[in-house]
Amino acid sequence: MVSVFLRSLLYNIVFYLNLAFWVLLGLPTYAMPRWGIVWIATNWGKTSIWWMRIICNTKVEYRGLDKIPKGPLIAASKHQSTWETFALLQFFDEPLYILKRELLWLPLFGWYLSKAGMIGVNRKAGGRTLIDITKRAAREIQRGRQLLIFPEGTRRAVGAPPDYKSGVSLIYGEAGVPCIPVALNSGLFWPRRTFMRYPGTLVIEFLDPIPPGLKRQDFTARMQAAIEEATDRLVKAGREEQVRLIGFSAPVAASVRS
């Protein structure tokens with residue numbers, strides 16, 4: 001446990017130094033097209049993943065990459081960790097995020113998000129804002145971008161009951177593009193609300209795409225069932241591996257599904 005703690009501490013220091021490096025390196029992209037900042041963000045993510053492998057012995061396995069459709073789409077991912085917010089970038093040429101608008105106000109980092117054309121949302125606003133965001137996201141997708149969205153809206157601890165929101169189904173219905181569900185077990189290795197980082201094999205799996213045109217309730221049911229079944233399978237395998245490696249698995253939510 002001491003080794004895991006020290007490795008985690010070192011990785012967090014390196015992670016923020018690495019972030020600062022790429023933020024400064026990316027300053028010229030303010031005068032470049034969007035692809036410049038996307039390149040910076042993608043390589044920041046890749047190097048962050050590499051350092052986690054070197055320092056924390058956290059390997060990463062990507063599955064189902066051949067299932068990712070070309071062109072505009074929605075990637076609906078399970079959200080257990082900060083990790084997937086940057087790890088997903090490398091698989092898409094025109095990534096689009098919907099995020100809380102306060103992030104856009106951060107010096108440098110927030111300006112990069114604005115430059116990349118991300119959509120900021122006021123979470124305290126009413127239903128009218130949801131409609132506006134839905135239409136704006138759909139327009140961006142139809143222009144060729146790939147929306148990376150977390151249907152539960154925020155990070156959920158490993159084992160917590162699913163809590164899927166309506167936003168992704170609204171955008172799916174408006175955009176008329178395929179949706180690829182994404183399962184993962186990142187919460188075992190980069191849990192939320194702690195600086196601890198655990199060893200093992202972090203797996204992210206792209207599942208069978210859902211074609212456009214389904215009714216909203218049918219789409220939601222199909223997406224949630226696919227993500228939750230695959231995530232449960234990946235979490236179970238990840239726990240077993242961690243027990244073999246370090247004698248225990250990372251802490252999970254109090255209310256764990258059987």
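## A buried arginine without a salt bridge

In this predicted model, Arg 197 is buried but forms no salt bridge; the nearest side chain of opposite charge belongs to Glu 84 and is 11 Å away. A salt bridge would require a side-chain nitrogen of the arginine within 4 Å of a carboxyl oxygen of Asp or Glu. Arg 197 is located in the loop that connects strand S7 (179-184) with strand S8 (200-206).

Two polar partners of the Arg 197 side chain can be named. The side chain of Asn 12 makes a polar contact with the side chain of Arg 197 at 3.3 Å. The backbone oxygen of Phe 195 also lies 3.3 Å from a polar atom of the Arg 197 side chain. When neighbours within four places in sequence are left aside, the residues in contact with Arg 197 are Val 4, Ser 8, Tyr 11, Asn 12, Met 52, Cys 56, Phe 189, Trp 190 and Pro 191.

## Strand S7 and its partners

The loop that holds Arg 197 follows on from strand S7 in the pair S7 and S8. Six of the six residues of S7 are buried, so this strand is largely enclosed by the rest of the structure. Cys 179, Pro 181 and Ala 183 point one way from S7, while Ile 180, Val 182 and Leu 184 point the other way, and all are buried.

S7 is joined to S2 by four bridges, and these two strands run parallel. On that side, Val 182 in S7 stands opposite Ser 77. S7 and S8 are joined by three bridges and run antiparallel. Here Ala 183 has Glu 205 in S8 as its bridge partner.

## The nonpolar cores

In soluble globular proteins, nonpolar side chains tend to be buried together. In this model, the largest nonpolar core has 42 residues, and Trp 83, Phe 86, Leu 88 and Tyr 97 have the most contacts inside it. At least two residues of this core come from each of helix H1 (2-25), helix H2 (34-56), strand S2 (73-77), helix H3 (83-87), helix H4 (109-115), S7 and S8. H2 gives the most, with seven residues.

Phe 86 touches Phe 15, Trp 44, Gly 45, Ser 48, Ile 49 and Trp 190, not counting residues up to four places away in sequence. Trp 190 is also one of the residues in contact with Arg 197. Apart from the largest core lies another, of 22 residues, which includes Leu 96, Ile 149, Val 168 and Cys 179.

Conventions: Residues are numbered from 1 along each chain as its sequence is written. This is a predicted model: local features need pLDDT of at least 70, side-chain atom pairs count only at pLDDT 80 or more; totals for chains, interfaces and linings use all residues. Side-chain values use heavy atoms; hydrogens and water are left out. Buried means under 20% relative accessible area, exposed over 50%, partly exposed in between (1.4 Å probe, protein chains only). Lys and Arg count as positive and Asp and Glu as negative; His and the chain ends are not counted. A polar contact is a pair of N or O atoms within 3.5 Å; within protein, one must be able to donate a hydrogen and the other to accept it, and residues adjacent in sequence count only if both atoms are side-chain atoms. Contact means heavy atoms within 4.5 Å. A nonpolar core is a set of buried Ala, Val, Leu, Ile, Met, Phe, Trp, Tyr and Cys residues joined through side-chain atoms within 4.5 Å. Two strands pair if DSSP finds at least two bridges between them.
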